[in-house]
Amino acid sequence: MMSKKLFIQTLGCAMNVRDSEHIIAELSQKDDYTLTEDMSEADLILINTCSVREKPVHKLFSEVGAFEKAKKPGAKIGVCGCTASHLGSEIFKRAPYVDFVLGARNVSKISTAVKTPKFISTDINYDESDYAFGEFRGSPFKSYINISIGCDKKCTYCIVPHTRGDEISIPLNLILLEAQKAADRGAKEIFLLGQNVNNYGKRFSSAHEKIDFSDLLERLSEIDGIERIRFTSPHPLHMDDKFLNVFANNPKICKSMHMPLQSGNTKVLREMKRGYTKEWFLDRALKLRELCPDVSISTDIIVAFPGETDAEFQDTMDVLEKVRFEQVFSFKYSPRPLTKAAEFTNQIPDDIASQRLTRLQSHHNEILDEIVAKQNGKIFDVYFEELRANGAVAGRSFNNFLVQVQGSEELLGKTLKVRITNPKRMVLYGELVE
Ligand code: SAH
Ligand code: SF4
Ligand code: F3S
């Protein structure tokens, strides 16, 4: 019998990318599906959704509408992921041609979902932390590995705890097994995933040895063949000295740290329930720069959180200036259902939010131009993993700069020295060093 075809579209964060890999693995092993990039030939069309801001939720309904028009007769449509969790059966009401709805952290039920008419499962307390998923990897060069599911923080703007539930750490033996499998198939990089990775070890679903995130990093770095360890997202509150020292001193841990600031103002941070102050954040970031001079630091910032005054926003600009982040992901605050902040009565008008976002981004571009200019002439170890247009190949430096050289397939999977000759904001162009 010919295998059935699966088309899958993934929105949102790296956890969704990993969930999609799990979905593909389960469906190919249990139900004989193979992947296709052509939606019109698919027997099953899936969208793995994101709810973190309002925009991607709108995108879900425009996308499933397009699926319904383009699909071949009899093909099924399934909605998975975070929006499935929080909208649940409302998805059937707004898009009656959807065949099933499968929430985040219910991924292991995918094989049942495709076979059950109008299947719906959105239990955010469902525990699949020790489920042994089948094996599928989107990239041969790096492996995403979940180390926890859910999130115990209750940041007042954030919907994630309502879509992915409470935090549960994945048992150490499963993580080590995944990392060993990565090494065995020649992937030199592992990328650890969780909403709050440096809270690892706080709660397991059954008895487990005592372990924290720093210990986990040390254990993983003992695996031969793994040369690079990355992770996201750590939380600034849990960046204690032990963690910063392990980060700085372990030679396999890539020297790029994501430090999600959200706001530089202590009062706003309190209203966001982030648990740290402006001073704590600056102390940790500057300590990190001191311990680890090559580190690149990225961040997430929300502008125009309810009640944010211009003076409070100025504190965010001040932290930007002091830390000089190598990368900034910035967003206008977006009120989300089920969150506390959506009920705050002091929401900020959109024109002010837009102005702040523009000010932040243009100031960061100035900082970035200086950072980028300084990379000219430097030599980086680049792990090549992606073919680009016009005979180019790209990869990441140890501290996470995207670097591109002229070259072909044979560079893929290798770590080579590159001298930067033409640094730009998004890509540092260079040439291989003989
Ligand atoms: N666990 C991660 C965040 C995951 S969500 C952490 O704590 O950093 C990714 C980013 O989306 C957040 O860092 C935040 O900057 C942004 N975000 C989350 N909720 C948002 C909202 N309601 N409006 C705008 N941006 C939001
Ligand atoms: Fe959301 Fe906060 Fe958890 Fe990050 S730490 S996922 S922002 S609740
Ligand atoms: Fe989006 Fe869910 Fe990730 S809301 S950012 S896909 S955890």
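This report walks through a predicted model, starting at the N-terminal end and finishing with a small barrel of strands.

**The N-terminal part and three cysteines**

Let's begin with a stretch that has a label. An unreviewed UniProt entry annotates residues 4-119 as "domain: MTTase N-terminal". In the model, this span is 45% helix and 23% strand, and its two end C-alpha atoms sit 20 Å apart.

The unreviewed entry also has a "binding site" annotation, and it covers C13, C50 and C82. Along the chain they span 70 residues, but no two of their C-alpha atoms are more than 10.4 Å apart, so they gather at one spot. If you want to find them on screen, look for C13 in the loop between β1 (4-10) and α1 (14-31). C82 belongs to helix α3, which covers residues 82-87.

How buried or exposed is C13? With a relative accessibility of 35%, C13 counts as partly exposed. C82 has a relative accessible area of 8%, so it is buried; the cut-off for that word is under 20%.

**The two ligands**

Now move along to the ligands. Ligand 1 has 15 residues around it, and the ones that come nearest are Y157, Q195, Q262, D300 and S334. Three of the contacts with ligand 1 are easy to compare in a table. Notice which part of each residue takes part, backbone or side chain.

| Residue | Part of the residue | Atom of ligand 1 | Distance |
|---|---|---|---|
| Q195 | backbone N or O atom | nitrogen | 2.8 Å |
| Q262 | polar side-chain atom | oxygen | 2.7 Å |
| S334 | polar backbone atom | nitrogen | 2.8 Å |

What surrounds ligand 2? Its shell is made of C151, K153, C155, Y157, C158, V160, P161, Q195, H235 and R274. Sorted by kind, that shell holds 6 nonpolar, 2 polar and 2 charged residues. You may have spotted some familiar names: Y157 and Q195 are listed among the residues nearest ligand 1, and Y157 and Q195 also belong to the shell of ligand 2.

**A buried aspartate**

Next up is D152. You'll find D152 in the loop that runs between β8 (148-149) and α6 (160-164). Its relative accessible area is 19%, so D152 is buried, given that the cut-off is under 20%.

What does the side chain of D152 contact? One partner is the side chain of K202, with a polar contact of 3.0 Å. There is also a backbone atom to look at: the nitrogen of E167 lies 2.9 Å from a polar atom of the D152 side chain.

**A barrel of strands**

Finally, scroll on to the barrel. Here 5 strands close up in the order β15-β16-β17-β19-β18, with mixed pairing. From one strand to the next, the twist averages 55°.

Let's follow some of the pairs. Strand β16 (residues 392-397) runs antiparallel to β17, and 5 bridges link them. Within this pair, V393 stands opposite V405 in β17. The two strands form a hairpin with 4 residues between them, and N400 in that hairpin has a positive phi near 80°.

β17 itself covers residues 402-406, and 2 bridges join β17 to β19 in the parallel sense. In this pairing, V403 has L428 as its bridge partner, while Q404 is partnered with Y429. How well covered is β17? It is mostly covered, with 4 of its 5 residues buried.

On to β18 and β19. β18 takes in residues 415-423 and β19 takes in residues 428-432; they run antiparallel and are joined by 5 bridges. They form a hairpin too, with 4 residues between the strands. Here N422 stands opposite Y429 in β19, and V418 is bridged to L432 in β19.

So what is "mixed" about this barrel? Compare the pairs around β19: β17 and β19 run parallel, whereas β18 and β19 run antiparallel. Y429 is a handy residue for seeing this, as Y429 is the bridge partner of Q404 and also stands opposite N422.

Technical notes. Residues are numbered from 1 along each chain as its sequence is written. Chains are lettered from A and ligands numbered from 1 in the order in which they are written. Side-chain values use heavy atoms; hydrogens and water are left out. Two strands pair if DSSP finds at least two bridges between them. Axes are lines fitted to C-alpha atoms, for helices over the stretch in contact, and angles run from 0 to 180 degrees between N-to-C directions. A residue is near a molecule or strand if one of its heavy atoms lies within 4 Å of it. Ala, Val, Leu, Ile, Met, Phe, Trp, Tyr, Cys and Pro count as nonpolar, Asp, Glu, Lys and Arg as charged, and the others, Gly among them, as polar. UniProt positions are given in the numbering used here, feature names are shortened, and annotations may be inferred rather than shown by experiment. Buried means under 20% relative accessible area, exposed over 50%, partly exposed in between (1.4 Å probe, protein chains only). A polar contact is a pair of N or O atoms within 3.5 Å; within protein, one must be able to donate a hydrogen and the other to accept it, and residues adjacent in sequence count only if both atoms are side-chain atoms.
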